[in-house]
Amino acid sequence: MRLSPRAMGLLAALVTVTIWTSFIVIARASAQRSLAPLDISLLRIAGASLVLVPWGWWQVRRRRAQMGASAPASSLGGISPLPLSTTALLGVFGGVLYAVLAYTGFFHAPATHAAVLMPGSLPLWTALLAMVVLHERITPLRALGLALIVAGDLLVGGRSLLSGFAGGEVWKGDLLFMLAAACWATYSVQARRLAVDAVQATIAITAFALLLYVPVWGALVALGTVTSHLREAPWSEILFHLVFQGGGSVVISGIAFTRMIQHYGPVRSTMITALVPGLSAIGAVLFLGEPLHWNLGAGLALVTTGILMGVLRKSPAPASLPTASGKSAA
């Protein structure tokens, strides 16, 4: 049974919210175990590559067999179905920088901070970028929602920044979470601008990350610049990250998020993640035993309210986007 565009958009949103919530809680729990942040980034990329690189290779060759010389351009030796410029642009922000910044942030700040600052600041970055790149207008209601998001982020991150003068390091994690959100916002807006197919975009950023990140990581470890704990980590932990971080957070979540962008547009898509901050904070308190201080609770309430104000705004359905096959994607 073929799902309607509306049903596909709702399903993509549900999958994205579920995996994003789990990602925040699990990533913080992982920071308290054996592996270093760059190790987890490596396993994320490696796990996703096991699925997506063969898929990309097959897609490229099938297109060439069907279309011959008129087949769309591919890159990276035929494992990315998108042109090199598109692959590199999406890969840098959505494949490499986001993972490195986010995982490193969890080694400095708790999951309750990530719950507010990553999905919470994402609509702000996305709205600003969409205004510049896509020329989307920020309505007064959405502007008010974004102002609430900024206020909530300041309640959370401001206290950490002040504690930094006393020697605390939580502010480093907060800053990294904000930068990770900015990188993902850049990826989402560019994916919308370039009208890329969800599967092809996810394959492209993974292929780019595999060919860029893995050699650089290996060289830095060999030179002693970066410390790796892969040899000491239990196989169960390594396998878990290959499956969840690679297969879940990249393959499934990446395709679902890009599908959501194609249906709702980048600004409303990031605002649909309104449930993520609250669910992640609750998960951090219940499963990780993290305290929920008054500023975190107030910041969470402001961010969630701001996001919901953008979600509840009625707007005409976005125009359908062409996919790589030329068919409507929305």
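Are W20 and W184 buried or exposed? In this predicted model, W20 is buried, and W184 is buried as well. The two tryptophans form an aromatic pair with edge-to-face geometry, their ring centres 6.4 Å apart and their planes at 80°. The partners come from distant parts of the chain: W20 belongs to helix α1 and W184 to helix α6 (residues 170-194), with their positions 164 residues apart in sequence.

W184 also pairs with Y98. This second pair is tilted, at 5.0 Å centre to centre and 50° between the planes. Y98 lies in helix α3 (residues 84-105) and W184 in helix α6, so the pair ties together parts that are 86 residues apart in sequence. Y98 has a relative accessibility of 12% and W184 a relative accessible area of 6%; both values are under 20%, so both residues count as buried.

These pairs belong to a wider set of ring contacts. Across the whole structure, a search finds ten aromatic pairs. Ring pairs join W20, F23, Y98, Y103, F106, F177, W184, Y187 and F257 into a cluster.

W20 has a part in helix packing too. Helix α1 (residues 5-31) packs against helix α10 (residues 275-288) at an angle of about 35°, and the axes are 9 Å apart. The crossing of these two helices is right-handed. On the α1 side the contact is made by V17, W20, T21, I24, V25, R28 and A29. Helix α10 contributes L275, V276, L279, S280, G283, A284, F287 and L288. By type, the residues of this contact comprise eleven nonpolar, three polar and one charged.

Key:
Residues numbered from 1 in each chain as written. Predicted model: local features only at pLDDT ≥ 70, side-chain atom pairs only at ≥ 80, totals over all residues. Heavy atoms only, no water. Axes fitted to C-alpha atoms, helices over the stretch in contact; angles between N-to-C directions. Helix = DSSP H or I, 4+ residues; strand = E, 2+ residues; numbered from the N terminus. Left-handed = near helix turned anticlockwise from the far one by under 90°. Contact = heavy atoms within 4.5 Å. Nonpolar A, V, L, I, M, F, W, Y, C, P; charged D, E, K, R; others polar. Phe/Tyr/Trp six-rings, centres within 6.5 Å; stacked < 30°, edge-to-face > 60°. Buried < 20%, exposed > 50% of the residue type's maximum accessible area, 1.4 Å probe, protein only.
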